[in-house]
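Dear colleague,

Please find below the structure that I am handing over to you. My account of what was found in it follows directly after.

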Amino acid sequence: MELLEQHIAGPQEHLTPVLPGVVETDERAARRSLRAQIAKLERELGAAFLAAYPGTRAEWSVPGRGGPRLLGLGELERLRDALADRLHGARAAISERADFEERNRVLLERVRLEPGRYKFVRIPAADVGQSGCGDYRVRPRLGIIGMLMGWWQVKLSSGCPLPREPGRDARGSFTRTRHRPLSLGPPQPQARRLPAI
C-alpha cells in the first residue's frame with residue numbers, strides 16, 4: 001500500500017519498483033547441512049554398535065552408493081532418513097536387550113535368595129550382562145540327599161565347554177591353532193603300510 005502511495009504522490013522518475021526477493025535454495029549450504037547430519041547419524045550409529053556389543057547385534061555399516069560420485073540432494077535426504085531409521089532400530093534393540101538383562105538380574109537375585117523355589121533353573125551369564133560362557137544353575141547341595149532334604153544352592157559354572165568343531169570354540173569363534181614343536185634331529189622315517197596280497 002505504501003508503495004502505491006509513493007508512486008502516486010512523488011515524482012515517477014526516481015522510483016523503481018521493489019519486487020519481492022526470489023527465494024533460491026542455496027544447494028551448497030543444503031549439501032553441507034545434509035552431510036553434517038549424515039556424519040552425526042553415522043557417529044551415533046557407531047556409538048550404538050559399541051554400546052550394544054557383544055550382547056546385541058546392531059548393524060552399523062553404511063553401504064556404498066554405487067561407487068564414488070556426488071549425491072544429489074534427494075539422494076542425501078534418502079540416505080539421512082535411512083540412517084535415522086537404522087539408528088532408531090539399533091536404539092530399540094539396545095533398549096530391549098537392557099530390559100531383558102535387567103529382568104534376568106532380578107530373577108538371579110530372587111534365585112540367590114530362595115534357591116529352593118527355583119529348582120534346576122539355569123541363567124546364562126551373558127543374559128545378565130556378564131561376559132563369558134558361564135551360567136548360574138540351581139542344584140541340590142549333596143545330590144539326591146540334598147534334593148530329598150531341600151538343600152539347594154546356586155552355582156556358577158566354570159566357563160566355556162570344550163570346542164565342538166575343529167578351529168572353533170563352543171560360541172562359534174575361531175580359536176588359535178597350536179604349532180607343532182620343532183624337532184632338533186633328522187626327520188624320522190614314517191612307517192609304510194604294505195599292500196595286502
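**Findings**

Helix α4 spans residues 144–149, and Ile144 lies in this helix. Please bear in mind throughout that the model is predicted. Ile144 counts as exposed because its relative accessibility is 56%, and the cut-off for exposed is over 50%. Ile144 also belongs to a nonpolar surface patch of about 870 Å². The other residues that make this patch are Phe120, Leu142, Ile145, Met147, Leu148, Met149 and Trp151.

Turning to the interior, the largest nonpolar core has 11 residues in all. Its members are Leu34, Ile38, Leu41, Leu45, Ala48, Leu71, Leu76, Leu79, Leu83, Leu87 and Ala90. Two or more residues of this core come from each of the helices α2 (27–52) and α3 (73–113). As for Leu41, its contacts are Arg80, Leu83, Ala84 and Leu87, leaving aside residues up to four places away in sequence.

There is also a second, separate core, made of nine residues, among them Tyr118, Ile123, Val128 and Tyr136. Two of the residues named here face each other across a strand pair: Ile123 stands opposite Tyr136 in β2.

The strands are arranged as follows. Strand β1 (residues 122–124) pairs with strand β2 (residues 135–140) in the antiparallel sense, over three bridges. β2 also pairs with strand β3 (residues 152–156), again in the antiparallel sense, over five bridges. Within this second pairing, Arg137 stands opposite Lys155 in β3.

Yours sincerely

Methods:
Residues numbered from 1 in each chain as written. Predicted model: local features only at pLDDT ≥ 70, side-chain atom pairs only at ≥ 80, totals over all residues. Heavy atoms only, no water. Pairing = 2+ DSSP bridges. Helix = DSSP H or I, 4+ residues; strand = E, 2+ residues; numbered from the N terminus. Core = buried A, V, L, I, M, F, W, Y, C linked by side-chain atoms within 4.5 Å. Buried < 20%, exposed > 50% of the residue type's maximum accessible area, 1.4 Å probe, protein only. Contact = heavy atoms within 4.5 Å. Patch = residues over 30% accessible without salt bridge, like charges linked within 9 Å, V, L, I, M, F, W, Y side chains within 5 Å. Areas by Shrake-Rupley, 256 points an atom, 1.4 Å probe, with all protein chains shown as cover. Salt bridge = Lys/Arg side-chain N within 4 Å of Asp/Glu carboxyl O.
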